[in-house]
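Work through the exercises below with the model open. Try each task before reading its solution.

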Amino acid sequence: MTADGERRFDVAVIGAGIAGLCATRELAAAGLEVIVLDKARGVGGRMATRRLADAVLDHGAQFFTVRGADFAGLVEAAAAAGRVARWCDGFSRAAGVEGPVVPAADGHARWRGMQAMTDLPKFLAAEVNAGGAEVRTQARVVGVATDGERVRLEIEDAAPLAVRGVVVTTPVPQALDLFAAGGLLTDPAGGIAAEARRRLATVAYDPCFALMLALDRPSCVPAPGGIQFESGPISWLADNHLKGISPRPALTVHASAEFSRTRFDDPPDEVARTLRELAAPWIGSAAVVEQSLQRWKFATPTVVLDAPFVVATAAPPIVCCGDAFAGPKVEGAATSGLAAGRWLGGALACA
Ligand SMILES: Cc1cc2nc3c(=O)[nH]c(=O)nc-3n(C[C@H](O)[C@H](O)[C@H](O)COP(=O)(O)OP(=O)(O)OC[C@H]3O[C@@H](n4cnc5c(N)ncnc54)[C@H](O)[C@@H]3O)c2cc1C
């Protein structure tokens, strides 16, 4: 506590997506006082769910796979608590949006949240919270700086925070913006080393439009509720009712990377109209009760670094992690967060 009763933190984690929450788990286990800051209203980041009418739609990550032991342990705990479930062993595939679709189970489990994709991050947030970490939402960090001993975070509409170390889990271009705002890209003494800056600057992402459609009756999507399209303007289409999370039939339509890049700045209504027309074979005779379009600027990394995290500055330590490090997707982000949290926990224990 400070003299005026404010809680003091050792570490701040920027981002309450899966990477940030996994890093927090390790930092809290190392006995550190941790605060997680996220600009959004809830936790989960790109593991995102929205409600439209009485439909529930995952509109970022659609499912996750489990390969490594670290992530398997987390998923087992969440499954035992009834927060995640096995969805299926593979989805139907089609060459293009017109079909025809071919069932393509490969025996490898695809997982979903029990009621929504946000269930796993919410489970982790509750767990770290119970362990003493603070998870603060609607807290947008606008600059990251150092004074040689501490890292100083500027937070929109709130007092700044000074901590011994920071984990940054935002998409990398956003992390670089935070460093630039704090002068860390130009300070030759206390700034980010040229090699780390060069590596971070190579990371790139594809954008993705997600169109959400709440329907008045069942769609034409076959069980188990997801179709992967190999080419064309739509890359994925899911029925959230067949998936088991929505009381009402509701489609999530993901545009391909090429469509999303080309149309990124077009009026949202026009983009939504085009995607809805393209998805018509799967909407069938159903009427759209309500719709919404989400534009993900940094949806999935196209360049992934070969390290699980990057140490941007060593003293005081600032470490970057997330799905652009060591492996994309939900599991890659979780594994990266766990590794970054362990490293920083060890570094601060020795300091
Ligand atoms: C459309 C789409 C489909 C996908 N499909 C799949 C899939 O089917 N399977 C799969 O495994 N993966 C999928 N992914 C990828 C997966 O969602 C991500 O790899 C993973 O969720 C990334 O987690 P993260 O913690 O690294 O980053 P994020 O989830 O992006 O978390 C970063 C957090 O930082 C916060 N933040 C950003 N800037 C600030 C700031 N200035 N101050 C405070 N907080 C800030 C954000 O609000 C966010 O919560 C998909 C992603 C998208 C967008």
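**Exercise 1.** Classify Glu127 by accessibility, then find its salt-bridge partner and say what the pair ties together.

Solution.
- Step 1. Glu127 has a relative accessible area of 30%. Buried means under 20%, exposed over 50%, and partly exposed in between, with a 1.4 Å probe and protein chains only. Glu127 is therefore partly exposed.
- Step 2. The partner is Arg25, with the closest N and O atoms 2.6 Å apart. A salt bridge here is a side-chain nitrogen of Lys or Arg within 4 Å of a carboxyl oxygen of Asp or Glu.
- Step 3. Arg25 sits in helix H1 (residues 18-29) and Glu127 in helix H3 (residues 119-130), so the bridge ties together parts 102 residues apart in sequence. Helices (H or I, at least four residues) and strands (E, at least two) are DSSP runs, numbered from the N terminus.
- Step 4. Arg25 is also partly exposed, at 28%.

A note on the source: this is a predicted model, where local features need pLDDT of at least 70, side-chain atom pairs count only at pLDDT 80 or more, and totals for chains, interfaces and linings use all residues. Residues are numbered from 1 along each chain as its sequence is written, and side-chain values use heavy atoms, with hydrogens and water left out.

**Exercise 2.** Which residue does Arg248 pair with in a salt bridge, and where do the two lie?

Solution.
- Step 1. Arg248 bridges to Asp54, with 2.5 Å between the closest N and O atoms.
- Step 2. Arg248 lies in the loop between helix H6 (240-243) and strand E16 (250-255). Asp54 lies in the loop between strands E3 (49-52) and E4 (55-58). The pair therefore ties together parts 194 residues apart in sequence.
- Step 3. Arg248 is partly exposed at 21% relative accessibility. Asp54, at 43%, is partly exposed too.

**Exercise 3.** Place the partners of the Asp306 and Arg199 salt bridge, and classify each by accessibility.

Solution.
- Step 1. The N to O distance is 3.2 Å.
- Step 2. Asp306 is in the loop between strands E17 (288-301) and E18 (310-314), while Arg199 is in helix H5 (residues 194-201). They are 107 residues apart.
- Step 3. Asp306 is exposed at 71%. Arg199 is partly exposed at 23%.
- Step 4. Now widen the search. The whole structure holds 20 salt bridges. Glu26, Asp70 and Arg342 are linked in a network of them.

**Exercise 4.** Which residues of helix H4 are buried, and which are exposed?

Solution.
- Step 1. In H4 (residues 172-181), the buried residues are Val172, Ala175, Leu176, Leu178 and Phe179.
- Step 2. These cover an arc of only 160 degrees around the axis, so they lie on the same side of H4. The arc is taken from the directions from the helix axis to the C-beta atoms.
- Step 3. Asp177 and Ala181, on the other side, are exposed.
- Step 4. Gly183 follows H4, with a positive phi near 80 degrees.

**Exercise 5.** Describe the ligand's polar contacts, its cover and its shell.

Solution.
- Step 1. A ligand nitrogen is 2.7 Å from a polar backbone atom of Phe63. A ligand oxygen is 2.7 Å from a side-chain N or O atom of Asp323. A polar contact is a pair of N or O atoms within 3.5 Å; within protein, one must be able to donate a hydrogen and the other to accept it, and residues adjacent in sequence count only if both atoms are side-chain atoms.
- Step 2. The protein covers 94% of the 1000 Å² of accessible area that the ligand has on its own. Areas come from the Shrake-Rupley method with a 1.4 Å probe.
- Step 3. H10 gives the most to the shell, with 3 residues.
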